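Let's take a friendly walk through a protein model together. Keep the picture in view and follow along as we go.

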Amino acid sequence: MRLNKARGRENFKAFLQRLYDRGRIDGKDTIVVIQGQMQTGKSSLGYRLMWNLDPNWDLFSPDQPETEVEKRMVYSTLAYMKEYNKAPPEFSAFMYDDAGVGIPAKKWYEDQAVLFGQTIQFGGNRHYLNIITVPDQLFIEPTSRSLAVYVIEMDEDSPGYAYVRRVRRSRNLTNPKKHYPYLRVTIKRNGKIVGKRNISYIYCDRLPDWRYKRYDTRKREVQKVTFKRYEEKLEGKEKKEEKPRRKINPNSLRNLTPGNPKKHSTDKEISPNLNS
C-alpha cells in the first residue's frame with residue numbers, strides 16, 4: 001500500500017470527527033485500543049486524541065504543574081480507576097499507556113474485567129473516551145477486546161502512520177466472529193463536505209518537543225517509582241529465602257555420636273580396680 005502523508009492527515013481529521021460525533025451526537029462511550037511495539041508512536045497518538053477531543057484540556061505551557069488531564073494519562077490499573085472514580089466532566093478522555101506490561105498474567109486477566117466492563121457500564125452517561133495502548137492486542141483477552149470500538153495498529157516501518165479498523169461482529173448468532181472492516185468517514189475540506197471515503201490508514205504528526213519531553217519525563221518518573229518498588233520487593237523476597245545457620249549446642253543430644261556419651265561436670269570418672 002502506498003502511503004501518502006497529506007491523505008493520511010486528512011484521514012486523521014475525519015477519524016477525529018467520527019470520535020467527536022460518537023460522543024456528542026450518538027451519546028456513547030468509546031474504547032480505542034492502540035497496538036504497536038516500542039517506539040512506534042502509540043503514546044503520541046493517544047496523546048493527540050486526548051489533545052484534540054477532551055474539552056477539558058488544561059495543559060498549555062511547559063511550566064504548568066501537573067494538570068487534571070495529565071493525571072488521566074496513567075500507567076496502572078489502580079491509577080486508572082482512581083481517576084475514573086473522580087467522575088471528571090462529560091466527554092473527558094483517559095489513556096492507560098502500556099496496559100498489561102509488567103503485570104502478572106492472572107492479575108491482568110482480572111484487571112481487564114474492571115477496565116473494560118466497568119468503564120462501559122458506569123461511564124456511559126458521561127460519554128468518556130477511553131484509550132488503551134498495548135504492545136499487541138493479544139494482551140487483551142477476547143471478551144474484553146470485543147468491547148473495543150476501534151483498533152489502531154501502528155506501522156513499525158513508517159513512523160507516524162497507523163491502520164484503523166472498526167470492530168464489528170457478524171450477525172450470524174451461531175458463529176459470531178468479529179471482523180475489522182475499513183472505516184467509512186466523511187471528508188471535509190475548508191469546512192465543506194466533499195464526500196465519503198473508506199479509510200485504511202491515518203497519519204499523526206509528532207508532538208511538539210516540549211509536550212513530548214514533558215510526557216516522557218513524567219512517564220519515566222512513574223516507571224522509576226514502579227521499578228524501585230519492585231526492586232525492594234525482590235530484595236525482601238531474597239532476604240526471606242536466606243535461612244540463618246543454626247548454632248551448634250554442645251549439650252544437645254542431637255550432637256552426640258555413638259561412643260561419645262555426654263559428660264556432665266558432676267560426673268566422676270570411675271577407674272577399674274585392677275588389684276582386687
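Start with one end of a charged pair: K107 is partly exposed, at 43% relative accessibility. The scale works like this: buried means under 20% relative accessible area, exposed means over 50%, and partly exposed is in between (1.4 Å probe, protein chains only). The areas themselves come from the Shrake-Rupley method with a 1.4 Å probe, and for residues only the protein chains shown count as cover.

Before going on, a word on what you're looking at: this is a predicted model, where local features need pLDDT of at least 70, side-chain atom pairs count only at pLDDT 80 or more, and totals for chains, interfaces and linings use all residues. Residues are numbered from 1 along each chain as its sequence is written, and side-chain values use heavy atoms, with hydrogens and water left out.

**Charged pairs**

The partner of K107 is D111, and the closest N and O atoms of this salt bridge are 3.1 Å apart. A salt bridge here is a side-chain nitrogen of Lys or Arg within 4 Å of a carboxyl oxygen of Asp or Glu. Why do such pairs form? Side chains of opposite charge can pair when their charged atoms come close. K107 and D111 both sit in helix α5 (residues 105-123), four residues apart, which is about one turn of the helix. Helices (H or I, at least four residues) and strands (E, at least two) are DSSP runs, numbered from the N terminus. Unlike partly exposed K107, D111 counts as buried, at 11%.

How many salt bridges does the structure hold? There are 13. Three of them are set out here.

| Pair | Closest N and O atoms | Where |
|---|---|---|
| R214 and E70 | 2.7 Å | helix α7 (residues 209-241) and helix α3 |
| K107 and D111 | 3.1 Å | both in helix α5 (residues 105-123) |
| R220 and D216 | 2.9 Å | both in helix α7 |

The pair R214 and E70 ties together parts that are 144 residues apart in sequence, because R214 lies in helix α7 and E70 in helix α3. R214 counts as buried at 16% relative accessibility, and E70 is buried too, at 5%. R220 and D216 are another story: these two are four residues apart in helix α7, about one turn. R220 is exposed, with a relative accessible area of 54%, while D216 is partly exposed at 23%. Salt bridges can also join up, and K42, D97, D98 and K219 are linked in a network of them.

**A buried arginine and a long-range neighbour**

Is R72 buried or exposed? R72 is buried, with a relative accessible area of 5%. You'll find R72 in the loop between α3 (68-71) and β2 (73-74). Leaving out residues up to four places away in sequence, R72 touches M50, D54, N56, E83, P88, S92, A93, F94 and M95. A contact means heavy atoms within 4.5 Å.

Next, look at S76, in the loop between β2 and α4 (77-85). S76 is partly exposed, with a relative accessible area of 30%. S76 and T226 are 150 residues apart in sequence, and their C-alpha atoms are 9.8 Å apart in space.

**Empty space**

Rolling a probe the size of a water molecule over the atoms shows where empty space is left. On a 1 Å grid over the protein atoms alone, a cavity is a set of points where a 1.4 Å probe fits but cannot get out; a pocket is an open set with protein on both sides within 12 Å along at least five of seven lines; and lining residues have an atom within 4 Å of a point.

The count comes to one cavity of 30 Å³ or more. The largest cavity holds about 100 Å³ of space, and helix α1 (residues 5-24) gives the most to its lining, with four residues. Among the lining residues are L19, Y20, H127 and Y128.

The second largest pocket holds about 200 Å³. Here, too, α1 gives the most to the lining, with six residues. R9, F12 and D205 are among the residues lining this pocket.

**The whole protein**

Zooming out, the protein has seven helices and 11 strands. Buried residues make up 38% of its 276 residues.

Notes. Grid points are joined across faces, edges and corners, and a volume is the space filled by probe spheres set on the points.
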